[in-house]
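Please open the model in your viewer and keep the selection tool at hand. The tour below goes from the whole chain to single residues, and each stop names what to select next.

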Amino acid sequence: MREQERGGGSGGREGRRGGGRERRREDGLEGRRDGGLEGRQELPPQSPEEQARAICLRLLTGMPRTRRQLADALEKRGIPEEVSQEVLSRYEEVGLIDDAAFAGAWVESRHRGRGLARRALAQELRTKGVHATLVQEALEQLDSDQEEQTARELVERKLRSTRGLERDKRLRRLAGMLARKGYPEGMALRVVRRALEQEGAEDTDEEGLGYSGF
């Protein structure tokens, strides 16, 4: 009986100690949660100027943008126009917005990469809000000789895929490809005709060489 009492007493003490630990643990967790909530401070809302700067920096981080592109983005996000113009003007002053540099890089990249001619490049820059004067200055880096050379290279790459078609159909297809890239009709027809004539002359030479072997 005494053993049971001692055992019961020991178990009771253990139970009381265990319960105390649980309570302290729970109290500690509650305290940490309460302290975290009390320590957390809400950030003050951004002003329109801060919002505009954040939007512009985020967009400019991905790739260069024109002033018009950024202005359109700010308008869609509800930034007041006077705030937008002030921020954009400041960014122009420090060189973060440079429509002239944008236009020059655009012309070089799109002409080299896609073979676009001046007319198509001018249209693209206008849709991005670049001023006509800056567009013209950027296009001056391309002259007619360079344009025609690029047109010849484009036709040479496509010429083989049109073999087997009638000559007039080949002419229309290749000239149409150049027209879609902004090349003038006269230049496009001249380049394609010359390529077809050269191809025909090469084929004739190859046939002649073949017969000369017999």
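Two residues are in contact when heavy atoms of theirs lie within 4.5 Å. With that in mind, begin with the whole protein chain of this predicted model: among its contacts with a separation of 6 or more, 63% are made by residues 24 or more positions apart.

**The whole chain**

Colour the chain by secondary structure, and you should find 10 helices and 0 strands. If you then switch on the surface, its accessible area comes to about 14900 Å², and carbon and sulfur atoms account for 48% of this. Of the 214 residues in the chain, 31% are buried.

**First stop: a residue in a loop**

Select T66, which sits in the loop between α2 (48-62) and α3. Is T66 buried or exposed? With a relative accessibility of 0%, T66 counts as buried, because the cut-off for buried is under 20%. Now display what surrounds T66: apart from neighbours within four places in sequence, its contacts are I97, D99, F102, K128 and V130.

**Second stop: from α3 to α4**

Move on to R67 in helix α3 and E92 in helix α4, whose side chains meet in a salt bridge with 2.7 Å from N to O. Because these two residues belong to separate helices, the pair ties together parts that are 25 residues apart in sequence. R67 is buried at 17% relative accessibility, whereas E92 is partly exposed at 35%.

Stay with these two helices and select D72, E75, E81 and E82, which form a negative patch on the surface. Helices α3 (67-76) and α4 (81-93) are the elements that each give two or more residues to this patch. D72, which is found in helix α3, is partly exposed, with a relative accessibility of 35%.

**Third stop: a nonpolar patch**

Next, select L57, V94 and L96, a nonpolar surface patch whose accessible area together is about 240 Å². L96 belongs to the loop between α4 and α5 (99-114), and at 42% relative accessible area L96 is partly exposed.

**Fourth stop: a buried leucine**

Go now to L121 in helix α6, which spans residues 118-127. The relative accessible area of L121 is 0%, and therefore L121 is buried. Which residues surround L121, if neighbours within four places in sequence are left aside? Its contacts are W106, V107, R110, H111, L116, L139 and L142. For L139, you can also draw a C-alpha to C-alpha distance to L121, which is 8.0 Å, while the two are 18 residues apart in sequence.

**Last stop: a network of salt bridges**

Finally, select E148, R152, R190 and R194, which salt bridges link into a network; the structure holds 10 salt bridges. Begin with E148 and R152, where the closest N and O atoms are 3.7 Å apart. Both lie in helix α8 (residues 144-159), and because they are 4 residues apart, about one helical turn separates them. E148 is buried at 12% relative accessibility, and R152 is partly exposed at 27%.

Then follow E148 to R194, where the side chains meet in a salt bridge of 3.6 Å, N to O. R194 lies in helix α10 (residues 185-212) and E148 in helix α8, so this pair ties together parts that are 46 residues apart in sequence. R194 is partly exposed, with 41% relative accessibility.

Key. Residues numbered from 1 in each chain as written. Predicted model: local features only at pLDDT ≥ 70, side-chain atom pairs only at ≥ 80, totals over all residues. Heavy atoms only, no water. Patch = residues over 30% accessible without salt bridge, like charges linked within 9 Å, V, L, I, M, F, W, Y side chains within 5 Å. Areas by Shrake-Rupley, 256 points an atom, 1.4 Å probe, with all protein chains shown as cover. Salt bridge = Lys/Arg side-chain N within 4 Å of Asp/Glu carboxyl O. Lys, Arg positive; Asp, Glu negative; His and termini not counted. Charge placed at Lys NZ, Arg CZ, Asp CG, Glu CD. Buried < 20%, exposed > 50% of the residue type's maximum accessible area, 1.4 Å probe, protein only.
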